[in-house]
Amino acid sequence: GEQLAAFRTQDGQAYVVDAYCPHLGANLAAGGRVVGNCIECPFHGWQFRGEDGKCTHIPYAEKVPDFARVRTWQSCEVNGMLLVWYHCEGLGPTWAVPEQREITTKEWVFRGQTEHVVDVHIQEIPENAADTAHLTFLHGPAILGGSDLRYTRSKLWDFMKHTWKAEWQPEPEPNKHCSQLLLQHTATIFGKHVSLMDLKVSARQVGPGLVFLLFEHAFLGRGIILQTVTPLEPLLQNVVHKIYYQKNVPAIIPKFILRAECIQFERDITIWNNKQYLPKPLLVKEDSSIQKHRRWYAQFYSEKSTRVPVQKEGLDW
């Protein structure tokens, strides 16, 4: 629900500030421009410093009042992304985002991205990692069957199956804000194992909305998909997947991996867009890691976290 303006100053530093100018509310990101280390408002030319949001210049005023400033947001540039720290009670960062060395050294290069808007409670997306039972059922049918759930189980694609072995664990201190999902993917065609499609995936969740999906293939090399989940509203998430891959591997390989991932992700989206979040789900013994995941994820909420209004009993809602 926040409107932000991101800009890069002439010395190359990126900053994020509130989008609206405190003078008369113009949007600094719509027509504003960078002047030195400031962003200039397109309405009256007020200039705000990226570092602390202080107004340094008003073209028609003799003196700039001390209290003239725009709110700044703590941000960092890592893995080719500009990331902003958000805490609903205004507390500063309690952990840092790890750097993926191969992206920084350009051993792995950007090979494309997908973007989806999902109507879902933010917790549902990472919870998938702990829900290993859905992997076989929802993601077992061949990717050739696409993402329309009416046709994924079509007899036409029955000759091919995906098999997933998965294990989810939270990480210990000092990384209790992280968790790990280890996945092994194999595929069969007409019941025969196709080793060319064996894939090892390690998915590391960092905080509530960032996942590092590391891929390792015997012949096709290594790469990563970075998944970001940005809440736009309490039940609306923007999800981006960016793939980086070894530059000596033909671009068609990572593009195929991203496409396959996209088809599988869109199967989840059909479920998410139409499901309800159940705070007290009916679970069986084999679902124990879902409760474990919920206990782990609870650390990202605080007293003032936005909550979905509870539906009252009766029909007066």
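Which helices and strands each supply at least two residues of the lining of the second largest pocket?

## The pocket and its walls

This is a predicted model. Four helices and four strands answer the question: helix 2 (124–127), helix 3 (133–139), helix 4 (252–274) and helix 5 (288–297), along with strand 11 (160–170), strand 12 (178–189), strand 14 (199–206) and strand 15 (210–217). Helix 4 gives the most, with nine residues.

The second largest pocket has a volume of about 900 Å³. Its lining holds 39 residues. Closest to the centre are Trp 164, Leu 183, Val 201, Phe 215 and Glu 261.

## Character of the lining

The lining of this pocket divides into 25 nonpolar residues, 12 polar ones and two charged ones. Rolling a probe the size of a water molecule over the atoms shows where empty space is left.

## Cysteines

The disulfide count is zero. Cys 55 is in no disulfide. The nearest cysteine sulfur belongs to Cys 21 and lies 7.6 Å away. A disulfide would need the two sulfur atoms within 2.5 Å. Cys 55 counts as buried because its relative accessibility is 2%.

Cys 88 has its closest cysteine sulfur in Cys 76. The distance is 19 Å, so the two are too far apart for a bond. At 30% relative accessibility, Cys 88 counts as partly exposed.

Technical notes:
Residues are numbered from 1 along each chain as its sequence is written. This is a predicted model: local features need pLDDT of at least 70, side-chain atom pairs count only at pLDDT 80 or more; totals for chains, interfaces and linings use all residues. Side-chain values use heavy atoms; hydrogens and water are left out. On a 1 Å grid over the protein atoms alone, a cavity is a set of points where a 1.4 Å probe fits but cannot get out, and a pocket is an open set with protein on both sides within 12 Å along at least five of seven lines; lining residues have an atom within 4 Å of a point. Grid points are joined across faces, edges and corners, and a volume is the space filled by probe spheres set on the points. Ala, Val, Leu, Ile, Met, Phe, Trp, Tyr, Cys and Pro count as nonpolar, Asp, Glu, Lys and Arg as charged, and the others, Gly among them, as polar. Buried means under 20% relative accessible area, exposed over 50%, partly exposed in between (1.4 Å probe, protein chains only).
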